[in-house]
Amino acid sequence: MNRNQVLPQVELSNDPKALCRIDFCAPQSYRGAGFLEITALPRVAEETSSIEPGDGFHWQVKTHFADSLGSEPRQILELAVKGRIHLVCQSCLQDCGLDLAQESRFVMVATEEEADAFPMEDDQQEPLVVSQHFDLLGLIEDEILLSMPLIPKHPKGACQPHASSFGEVGEAAEDSEKPQNPFNILKNMKKN
């Protein structure tokens, strides 16, 4: 590829079906942005506790070619996702709205072998095996799932008390019998 060559720039559609088949092997750059509702992301929808109006993710994609030492210029894909999702808070087991954001940078490669040979020391970008029918929607969904916390929680102090099956929170503990200290039992046995 000639360094001075101007590549055509393709504007990506916001239609989820169109995002499932992108030809990243063509010598062109891509740009796109849009909003995806949770219902358009089936794996993300499985994780939600509820879907509220306005829940979903804004996404932005940009590709460009960057010079690479000792080889052909490599195509770089920059992806940013930002949005809101409702998950179950693991502290109070109530619905918890979380704002998530993730920015990723990928080096596009043609084969799995190239991806395996990619230097692991480079934590700024990951290799991404692309094809003529690349599923960009799947990549967006993967990045959203990776940005979710392992243990979703409300901000500290924001959890609402949860009524357990053992009674209401704050119920007096004096109603229940206090267990006897095991050392007192042993002391009494020694006296006898």
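User: What is the mean pLDDT of the chain in this predicted model?
Analyst: The model is predicted, and pLDDT gives the predictor's confidence in each residue, from 0 to 100. Of the chain's residues, 84% reach 70 or more. The mean pLDDT is 82.

User: Over which residues is the pLDDT below 50?
Analyst: The stretch in question has four contacts in the model beyond near neighbours in sequence. Its pLDDT is below 50. The stretch is residues 169-175.

User: In what order do the elements of the chain run from the N terminus on?
Analyst: The chain has four helices and six strands. From the N terminus on, they run β-β-α-β-β-β-α-β-α-α.

User: What share of the residues counts as buried?
Analyst: The chain exposes about 13100 Å², and carbon and sulfur atoms supply 51% of that area. A residue counts as buried under 20% relative accessible area. Of the 192 residues, the buried share is 31%.

User: Among contacts with a separation of 6 or more, what percentage comes from residues 24 or more positions apart?
Analyst: One pair with such a separation is leucine 77 and serine 104, 27 residues apart in sequence. These two residues touch. For the chain, residues 24 or more positions apart account for 56% of the contacts with a separation of 6 or more.

User: Is leucine 77 buried or exposed?
Analyst: Leucine 77 sits in strand E4, residues 71-88. Leaving out residues up to four places away, its contacts include Phe24, Val61, Phe106, Met108 and Leu139. Its relative accessible area is 0%. That is under the 20% cut-off, so leucine 77 is buried.

User: Which side chain joins that of histidine 86 in a polar contact of 2.7 Å?
Analyst: Histidine 86 is in strand E4. Its relative accessible area is 10%, so it is buried. Among the residues it touches are Glu47, Thr48, Asp55, Asp95 and Cys96. The 2.7 Å polar contact is with the side chain of aspartate 55.

User: Which residue's backbone oxygen lies 2.8 Å from a polar atom of the threonine 48 side chain?
Analyst: Threonine 48 lies in the loop between helix H1 (42-47) and strand E3 (56-68). At 16% relative accessibility, it counts as buried. Beyond its sequence neighbours, threonine 48 is in contact with Ile38, Ile85, His86 and Leu87. The backbone oxygen 2.8 Å from its side chain belongs to alanine 45.

User: What is the phi of leucine 93?
Analyst: Leucine 93 lies in the loop between E4 and strand E5 (95-109). It is not a glycine, yet its phi is positive. The value is about 60°.

User: How far apart are the C-alpha atoms of phenylalanine 106 and glutamate 126?
Analyst: Phenylalanine 106 lies in strand E5. It is buried, with a relative accessible area of 3%. Its contacts include Leu77, Glu126, Leu128, Leu139 and Glu143. Phenylalanine 106 and glutamate 126 are 20 residues apart along the chain, and their C-alpha atoms are separated by 4.7 Å.

User: Is the aromatic pair of phenylalanine 24 and tyrosine 30 stacked or edge-to-face?
Analyst: The whole structure holds two aromatic pairs. In the pair of phenylalanine 24 and tyrosine 30, the centres are 5.0 Å apart and the planes stand at 80°. Both residues are buried. Planes over 60 degrees apart count as edge-to-face, so this pair is edge-to-face.

User: Which residues do ring pairs link into a cluster?
Analyst: Phenylalanine 24 and tyrosine 30 form one aromatic pair. The cluster made by ring pairs also takes in Phe134. Its members are Phe24, Tyr30 and Phe134.

User: How far apart are the end C-alpha atoms of helix H3?
Analyst: Helix H3 covers residues 136-147, which is 12 residues. At 1.5 Å a residue, they should span 16 Å. The model agrees, with end C-alpha atoms 17 Å apart.

User: How many of the 12 residues of H3 are buried?
Analyst: The buried residues include Leu136, Leu139, Ile140, Glu143 and Ile144. H3 is largely enclosed by the rest of the structure, because its buried residues number nine of the 12.

User: Which residue caps the N-terminal end of H3?
Analyst: The cap uses a side-chain oxygen. That oxygen lies 3.3 Å from the backbone nitrogen of leucine 137. Leucine 137 is itself buried in H3. The capping residue is aspartate 135.

Definitions and conventions: Residues numbered from 1 in each chain as written. Heavy atoms only, no water. Helix = DSSP H or I, 4+ residues; strand = E, 2+ residues; numbered from the N terminus. Buried < 20%, exposed > 50% of the residue type's maximum accessible area, 1.4 Å probe, protein only. Contact = heavy atoms within 4.5 Å. Polar contact = N/O pair within 3.5 Å; in protein donor to acceptor, adjacent residues only side chain to side chain. Phe/Tyr/Trp six-rings, centres within 6.5 Å; stacked < 30°, edge-to-face > 60°. Expected span 1.5 Å × (residues − 1). Areas by Shrake-Rupley, 256 points an atom, 1.4 Å probe, with all protein chains shown as cover.
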